[in-house]
Amino acid sequence: MTSITTAKKQAATVSEQRAHDAGPRDPRREALRPLLADVALPLALYYGLTKLAGVGTVPALVISSVPPAISTVWTALTRRTLNALGALMLAVNVVGIGVSLLTGDPRLMLAKDGAVSSTVGIAILLSSLGGAPLMATAVKPMLVKSDAAKSAAWGRLSAGPGAFRTAQRLHSAVWGTALLCDCAVRVVCAYTLPVHTAVWLNTFIVLGAIALAIAASQPLVERMEKMLEPGAAKA
């Protein structure tokens, strides 16, 4: 037992040293990495399978839906945590893939992506009315930046009512609304446009929704960041 404990401590020391040598990570860059698995890779897989490998539309759509699910699981395993937002997205993706396989309808497969947005959007909107806004877990790393004092300030300011909590709720409300609009547009495109057109257009729709949500919520993020400074100083 002692040798196992010692080995664990040594491994932890090595990991800490490597992290130190690698330097601090850019939280914004870390936040953008999931777009590769959730947007770029599925799009490349779909067109690679249909145009180059001759795979059918429905199988290609199913296969291209796998990377986002794997990305969520991988993030949960590597970080040893699965937040509510990640768990919700994983569940909706898995259910959507299953339904698409049973029906064999490519348009339903495309509409499924809109359903993911709407389900997550509704969950985020509802959370903004309660005590735990879901988007708070996404924005916290960008504002805290591994700073212990700011992390303590975040916890203290989030614990009770006030301007900081209001900003958190409004931030989640903005993102929830953006995702619901994204859902509406994608479902309309899925059932009115040719499938191959809807696939690539979906990518631009979701990127546009994300860009609008970032722009609309940026003043709230800046407000929270400013409120963390005096809070961090008192931590």
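A crossing of two helices is called right-handed if the near helix is turned clockwise from the far one by less than a right angle, and left-handed if anticlockwise. The legends below describe a predicted model, in which local features need pLDDT of at least 70 and side-chain atom pairs count only at pLDDT 80 or more, while totals for chains, interfaces and linings use all residues. Residues are numbered from 1 along each chain as its sequence is written, and side-chain values use heavy atoms, with hydrogens and water left out.

**View 1. Helix 8 and helix 9 form a right-handed crossing.** Helices are DSSP runs of H or I with at least four residues, numbered from the N terminus. The axes of helix 8 (residues 136-144) and helix 9 (residues 148-159) come within 10 Å and cross at roughly 145 degrees; axes are lines fitted to C-alpha atoms over the stretch in contact, and angles run from 0 to 180 degrees between N-to-C directions. Helix 8 contributes A136, V139, K140, L143 and V144 to the contact, and helix 9 contributes K150, S151 and W154 (contact: heavy atoms within 4.5 Å). These residues comprise five nonpolar, one polar and two charged. In this classification Ala, Val, Leu, Ile, Met, Phe, Trp, Tyr, Cys and Pro are nonpolar, Asp, Glu, Lys and Arg are charged, and the others, Gly among them, are polar.

**View 2. K145 and S146 have positive phi in the loop between helix 8 and helix 9.** Most residues other than glycine have a negative phi. Phi of K145 is near 55 degrees, and that of S146 is about 60 degrees. K145 is partly exposed, with a relative accessible area of 42%, whereas S146 is exposed at 79%. Buried means under 20% relative accessible area, exposed over 50%, and partly exposed in between, for a 1.4 Å probe and protein chains only.

**View 3. Salt bridges link helix 11 to the loop after helix 8 and to helix 9.** A salt bridge is a side-chain nitrogen of Lys or Arg within 4 Å of a carboxyl oxygen of Asp or Glu; the count comes to three. The side chains of K145 and E225 meet at 3.8 Å, N to O. K145 belongs to the loop between helix 8 and helix 9 and E225 to helix 11 (residues 195-234), 80 residues apart. E225 is partly exposed at 25% relative accessibility. In another pair, E229 and K150 meet at 3.0 Å, N to O. E229 lies in helix 11 and K150 in helix 9, so this salt bridge ties together parts that are 79 residues apart in sequence. E229 is partly exposed at 42%, but K150 is buried at 14%.

**View 4. R186 and D182 form a salt bridge within helix 10.** The distance between their side chains is 2.9 Å, N to O. The two residues are four apart, about one turn of the helix. R186 is buried at 8% relative accessibility, and D182 is buried at 2%.

**View 5. Confidence varies among the elements of the protein.** The average pLDDT, the predictor's confidence in each residue from 0 to 100, is 78 for the protein, and 76% of the residues score at least 70. Helix 1 (residues 2-22) has the lowest mean pLDDT among the elements, 41, and helix 10 (residues 163-192) the highest, 93. Over residues 1-23 pLDDT stays under 50, and the model has zero contacts beyond four places in sequence for this segment.
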